[in-house]
Amino acid sequence: MDYPKPIKDLIEGYLTLPGIGKKTAERLALFTFSEMNEDATKRLGEAIINVKNSLYRCPICHNVSINEDACEICSDTLRDHSLLMVVETIKDVFIMEKMQEYKGLYHVLDGAINFAAGIGVEDININTLIKRIESGEVKELIIATNATTEGETTARYIKALLDDYDVYISRIAHGLPFGADISYADEMTLLKAIEGRRKY
């Protein structure tokens, strides 16, 4: 006996989420049907729709923004606009901000170069980074891509791309073992990695 179509559709929906396999998707779909009351289900649905309809990508850094203009960080005049940190994902921005130590700006790449997975230079947010460097406002670029093969490939590409520009390029340093994901590092480890950044 197969699941009714509404449950099958919900399973397919859960399968689109990262880290969710078929068994977990089935369990979540059945839980949604049998355990969640109508109010909870409605709130979940509204929250999913709301996050797509009421949030935007910052046109400057590509971070999440509550309006169509510059995000809260990019529009903050008290931050150091000459310091720019390049990260892979929006989540990395929030992880870095938890330290409450870094006072520069960010640039979100929306991924990392991974030729094996078919992700090339054109698939990440590089062009707007070049425009920001060309403006002349950025004096130091901190490359904070993950300590993975993909992160290193991306870091090297960015370094080579910007070599002829008048900008100091550094790379976050010790504290992040190779293969580590920034979003799983604790705040002190990240702080030490930023403090120990080196010329790249």
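Colleague: Which residues does D80 touch, not counting residues up to four places away in sequence?

Modeller: This is a predicted model, in which local features need pLDDT of at least 70, side-chain atom pairs count only at pLDDT 80 or more, and totals for chains, interfaces and linings use all residues. Residues are numbered from 1 along each chain as its sequence is written, and side-chain values use heavy atoms, leaving out hydrogens and water. Contact means heavy atoms within 4.5 Å. With residues up to four places away set aside, D80 touches K103, G104 and L105.

Colleague: What is the relative accessible area of D80?

Modeller: Buried means under 20% relative accessible area, exposed over 50%, and partly exposed in between (1.4 Å probe, protein chains only). D80 counts as partly exposed, because its relative accessible area is 34%.

Colleague: Which side chain is joined to that of D80 by a polar contact of 2.6 Å?

Modeller: A polar contact is a pair of N or O atoms within 3.5 Å; within protein, one must be able to donate a hydrogen and the other to accept it, and residues adjacent in sequence count only if both atoms are side-chain atoms. At 2.6 Å, the partner of D80 is S82.

Colleague: Which element gives the largest share of the largest nonpolar core?

Modeller: A nonpolar core is a set of buried Ala, Val, Leu, Ile, Met, Phe, Trp, Tyr and Cys residues joined through side-chain atoms within 4.5 Å. The largest one has 38 residues, and M85 and I133 are among those with the most contacts inside it. Helices (H or I, at least four residues) and strands (E, at least two) are DSSP runs, numbered from the N terminus. The largest share of this core, five residues, comes from β3.
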